[in-house]
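Here are a few notes to read alongside the model. They cover the cysteines first, then the spaces inside the fold.

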Amino acid sequence: MTIPSSPPIALLLAAGRGSRFDAREEKLLQAFPHHDGRPGMVATAAAAALLEVMPVLAVVPGPGTLAEALRAQGCAVCMPAPASSREMSASLRCGVQHSAQASGWLVALADMPCVDLSTLCLLRDALAAGAPIVAPVMQGRRGHPVGFGRAHLDALLVLQGDQGARALLKTHPVTELEVMDEGIFADVDTAEDLRRVRVLAQCQRR
């Protein structure tokens, strides 16, 4: 008997430590406009683009402002067990466990709010067509988000460490999709990154 599966979904990983950002502030809650110019935050800007093309399950560290903001935006939300590590693998396992019926997962990072809608659509369509692993590429360099088909369900559920699913990318064929989108590299790790990515977002909307 075949277990029915749902279409691919996006996993928005928003439970990381953010240790390189100002310790007094939460980087994912910093002001950042959505792709249509509406006011928002880094995490909600990342979610807004994803929600344009597919359902989103956000993995957050626990109850609070971030979880509430993402729920209000339309994301489903899950949280790793309290004793769980905040390593990326723990977030990935949590998200996959809570969406095991999906036919694939587009693994997006909540601190990357500038990925273009066209890139997200390409990745979603490739996953829906059955590609086992997909990644965007610009000028020979891979970026994010990366998608995994259902064939990798078991491997995703046993990931360990803070490298996420990087080992799968090294040991399995990857369908690379060529894009012209600087947003696939633009992440917010530091306050300076936030300033730089805000400039990129302004340029994208012109």
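**Cysteines and hollow spots**

1. This is a predicted model, and a search of the whole structure turns up zero disulfides. Take cysteine 78: the nearest cysteine sulfur belongs to cysteine 94 and sits 3.4 Å away. A disulfide needs the two sulfurs within 2.5 Å, so cysteine 78 is in no disulfide.

2. Are the cysteines buried or exposed? Cysteine 78 counts as buried, because its relative accessibility is 4% and the cut-off for buried is under 20%. Cysteine 121 has a relative accessible area of 24%, so that one is partly exposed.

3. Now the cavities. The structure holds one cavity of 30 Å³ or more, and the largest cavity has a volume of about 100 Å³. Its lining is made up of 14 residues, with Ala46, Ala108, Met112, Val115 and Leu120 nearest the centre. Helix 1 and strand 4 (104-109) are the elements that give two or more residues to that lining, and helix 1 has the largest share, at four residues.

4. What is the lining of the largest cavity like chemically, in terms of nonpolar, polar and charged residues? It has 13 nonpolar residues, one polar and no charged.

5. Have a look at the second largest pocket too, which holds about 180 Å³ of space. It is also lined by 14 residues, and His35, Cys114, Val115, Asp116 and Gln204 lie nearest its centre. Two or more lining residues come from each of helix 1 (42-51) and helix 7 (191-204). By type, the lining of this pocket splits into nine nonpolar, three polar and two charged residues.

Terms used: Residues numbered from 1 in each chain as written. Predicted model: local features only at pLDDT ≥ 70, side-chain atom pairs only at ≥ 80, totals over all residues. Heavy atoms only, no water. Buried < 20%, exposed > 50% of the residue type's maximum accessible area, 1.4 Å probe, protein only. 1 Å grid on protein atoms, 1.4 Å probe; cavity = no way out; pocket = protein on both sides within 12 Å on 5 of 7 lines; lining within 4 Å. Points joined across faces, edges and corners; volume = space filled by probe spheres on them. Nonpolar A, V, L, I, M, F, W, Y, C, P; charged D, E, K, R; others polar.
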